[in-house]
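Hi,

Here is the structure I said I would pass on. Have a look at it first, and then read on for what turned up.

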Amino acid sequence: MNLARFPRIRLGHLPTPLEPMERLSRHLAGPGGGPKLWIKRDDCTGLATGGNKTRKLEYLMAEALAQGADTVITQGATQSNHARQTAAAAAKLGLLCHILLEDRTGYTDAAYAQSGNVLLDKLHGATVSRRPGGADMAAEMEALAGELRAAGRKPYVIPGGGSNPVGALGYVNAALELVNQAAEMGLRIDHVVHATGSAGTQAGLVTGLVALNSNIPVLGIGVRAPRDKQEANVLALAERTAEHLGLPGIVRAEHVVANCDYVGQGYGIPTEGMVRAVRLLAEQEGILLDPVYSGKGMAGLIDLVGKGRFRPDENVVFLHTGGAVGLFGYPDAFGLPPEA
């Protein structure tokens, strides 16, 4: 598996830390003990407050420049972490950036619609435009790309979440990084758990860990789609990623597992479990999760620990996909006390 043959631009602070969550592990341990919990800090990738999309953008932006692009286009929900990191990467590389934001929640308050990630999109110089919920965002991006080409620009279109075989290479590389870190630490990783949405992070991790013959299972905690759809999306992208690597057929259906019991009422809509998880990590570990992805992912992990899903002698790594700046879009969700 030779990743060096694929164009890459270094945008992130890598490798990201792999740390024990000792206080959380003790807090969650039942009478018979509990698993040892670790956290892979991909919230520390450094690009515009960090996050998992930075790894994908290292490969996507390299391809954009190789194709002579002067503009990038991408899309996401209003509080999209991917949009924010894309805007920052474009600024760093001197490219114009157009962001299309889809209303997936119906929230219209100023904190959600203008703060958090949206503020940073604009601060990085991106052009932001809105689309209604349910819009065909791929078609919307292609229409914009056509307009820009007609105006003499050279746009490069990045799918939502950076989730295609090129972007997924970022998490193939993360799998290699994680396995090497564990080997250096003498750590046996029994499970990797993370929030899964647009499928690229899980597809890349699964492909990379399978290619390395690591025998480390990945559990995606879904934040949007039902389980059958989520697993099908991840499997399809993992298969395409393996083909892109020149390793067709290595990923099988049994390698792709998602648990979508923690979505709640829908994508980007807070749940009680998410709120508890965000507050617990902040109070126990000094780590900020986000309300859309890692908060729901951690809510799932906490619940599964309580249900005995993991043995007391196991090491479980939670991949933190970043996005804490999105907390500023949800100030009312957490019921924080007023000033003393």
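Let's start with Lys 40, which counts as buried because its relative accessibility is 2%, and buried means under 20%. Keep in mind throughout that this is a predicted model.

So what does Lys 40 pair with in a salt bridge? The partner is Glu 177, and the closest N and O atoms of the two are 2.5 Å apart. The pair ties together distant parts of the chain, as Lys 40 sits in strand S2 (residues 36–41) and Glu 177 in helix H7, 137 residues apart. Glu 177 is buried as well, at a relative accessible area of 12%. There is a wider network here too: salt bridges link Lys 40, Asp 42, Arg 55 and Glu 177.

On the general idea, side chains of opposite charge can pair when their charged atoms come close. The structure holds 16 salt bridges, and two others make a nice contrast with the buried pair. Arg 252 and Glu 254 form one, with 2.6 Å between the closest N and O atoms. Arg 252 is partly exposed at 43% relative accessibility, while Glu 254 is exposed, with a relative accessible area of 53%. The other joins Glu 314 to Arg 311, at 3.3 Å from N to O. In that pair Glu 314 is buried, with a relative accessible area of 8%, whereas Arg 311 counts as partly exposed at 47%.

Now for the empty space inside. Rolling a probe the size of a water molecule over the atoms shows where such space is left. Two cavities of 30 Å³ or more come up in this structure.

I'll take the second largest one before the other, since some of the names above come back. Its volume is about 50 Å³. Among the residues that line the second largest cavity are Lys 40, Asp 42 and Arg 55, along with Ala 174, Leu 178 and Val 192. Helix H7 (165–185) and strand S10 (315–320) are the elements that give two or more residues to this lining. By class, the lining of the second largest cavity has six nonpolar residues, three charged ones and no polar ones.

The largest cavity has a volume of about 110 Å³. Its lining is made up of 14 residues, and Asn 52, Lys 53, Ala 195, Thr 201 and Tyr 293 are those nearest the centre. Which element gives the most to the lining of the largest cavity? That is H8, with three residues. Helix H2 (53–66), strand S7 (191–196) and helix H8 (200–211) each supply at least two. The classes here are nine polar, three nonpolar and two charged residues.

Last, a sheet to look for as you turn the model around. Four strands form an open sheet, in the order S5-S4-S3-S6, with parallel pairing. Strand S5 (127–131) and strand S6 (155–157) are at the edges, each pairing on one side only. From one strand to the next, the twist averages 25 degrees. Strand S4 (residues 96–102) runs parallel to S5, and five bridges join the two. If you want a spot to zoom in on, try Leu 100, whose bridge partner in S5 is Ser 129.

Cheers

How values were computed:
Residues numbered from 1 in each chain as written. Predicted model: local features only at pLDDT ≥ 70, side-chain atom pairs only at ≥ 80, totals over all residues. Heavy atoms only, no water. 1 Å grid on protein atoms, 1.4 Å probe; cavity = no way out; pocket = protein on both sides within 12 Å on 5 of 7 lines; lining within 4 Å. Points joined across faces, edges and corners; volume = space filled by probe spheres on them. Nonpolar A, V, L, I, M, F, W, Y, C, P; charged D, E, K, R; others polar. Salt bridge = Lys/Arg side-chain N within 4 Å of Asp/Glu carboxyl O. Buried < 20%, exposed > 50% of the residue type's maximum accessible area, 1.4 Å probe, protein only. Pairing = 2+ DSSP bridges. Axes fitted to C-alpha atoms, helices over the stretch in contact; angles between N-to-C directions.
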